[in-house]
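Got your viewer open? Keep the selection box handy and follow along, one stop at a time.

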Amino acid sequence: MEGNRIEADPLTDFEVRRITLDGTTKRVYVSGQGPAVIIMAEMPGISPRIARFGRWVREAGFTIFMPSLFGPDGTVPSADEGAAVFRRACISFEFHALAGKGASPVTEWLRALARHAHTECGGEGVGAIGMCFTGNFALSMMLEPKVLAPVVAQPSLPLDDPEGLESSPEELAAVRRRLEKENLTVLAYRFEGDQICKAQRFAAYSKALGPGFKPRTLPDSAANASVDPFFKKHVPFPHSVFTQHLIDEAGQPTLEARDEILAFFKQRLFSACSVGSN
């Protein structure tokens with residue numbers, strides 16, 4: 001297993017931009033060259049482990065855009081601090097944490113970010129990955145035609161319905177039409193024993209989206225045991241496939257899952273971006 005908890009990350013190798021889209025300004029961390037991939041952090045924000053994941057994507061040949069959607073950036077919050085971020089997000093107008101409300105309003109801004117990133121990076125499309133609280137956001141972003149490579153990691157919303165999906169039936173139908181018409185796929189990941197993103201949710205996605213939804217379920221034995229305080233107290237089970245619970249060792253299922261999505265981004269985005277990149 002991995003060693004001690006990762007310490008705070010100053011994020012000095014990222015360019016910090018304030019990007020205004022549709023009248024809303026957000027802080028976005030940008031780095032790299034090549035096709036654009038939008039990385040949406042899990043709770044409680046852009047942690048050092050999220051930044052580590054972003055660097056892996058960057059080193060694979062992509063320009064990464066990491067919007068700051070909640071919480072402090074680059075820090076390792078205490079369990080209570082992380083819980084406070086979670087509570088604020090749950091009552092924010094930008095997020096729909098409970099069933100029956102449809103996709104979170106922030107996904108409209110994220111679709112605009114995808115268009116912005118595509119204009120900057122060129123090529124035919126953009127990749128997107130959401131994790132935990134933002135897991136379904138990558139799916140909602142497929143309403144933007146430039147999003148070609150969505151990854152849904154341990155999607156946690158709605159919090160009050162394990163079989164529920166954040167997207168409305170109309171949104172799911174629109175995504176399914178894209179998957180079928182354009183021969184696209186959605187990659188999705190969870191741990192077998194995840195108590196937030198349960199098997200019922202992936203079953204509901206499969207029913208709604210059809211064969212274009214490609215679920216991956218990892219065994220609990222594949223999870224890293226050394227996690228940050230927020231996860232140790234509030235998420236005491238395997239959950240975060242690409243960050244907290246990833247084991248950075250050859251042959252580990254979580255590392256193989258990471259490599260799978262990097263290959264997925266390359267397959268969908270590299271050939272498209274052979275021209276027009278800055």
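Here comes a short tour of some helices and a few cysteines.

Before clicking, know that this is a predicted model, where local features need pLDDT of at least 70, side-chain atom pairs count only at pLDDT 80 or more, and totals for chains, interfaces and linings use all residues. Residues are numbered from 1 along each chain as its sequence is written, and side-chain values use heavy atoms, leaving out hydrogens and water.

**Stop one: helix α8.** Select residues 253–270. Helices here are DSSP runs of H or I with at least four residues, strands are E runs of at least two, and both are numbered from the N terminus. Helix α8 has 18 residues and reaches 25 Å from its first C-alpha to its last, close to the 26 Å expected at 1.5 Å a residue (1.5 Å times one less than the number of residues). Now colour its buried residues (under 20% relative accessible area, with a 1.4 Å probe and protein chains only), among them Leu-255, Ile-261 and Phe-265. What do they pack against? Show β3 (36–40), α1 (48–59), β5 (126–131), β6 (147–153), β7 (186–191) and β8 (213–218); contact means heavy atoms within 4.5 Å.

**Stop two: the cysteines.** How many disulfides does the structure hold? Zero, a disulfide being a pair of cysteine sulfur atoms within 2.5 Å. Pick Cys-132: its sulfur is 9.0 Å from the closest cysteine sulfur, in Cys-197, so that is too far for a bond. Cys-132 is buried at 11% relative accessibility, and Cys-121 is buried too, at 4%.

**Last stop: α5 and α6.** Select Leu-172, Val-175, Arg-176 and Leu-179 in α5, which meet Lys-207, Ala-208 and Leu-209 in α6.

Terms used. Buried means under 20% relative accessible area, exposed over 50%, partly exposed in between (1.4 Å probe, protein chains only).
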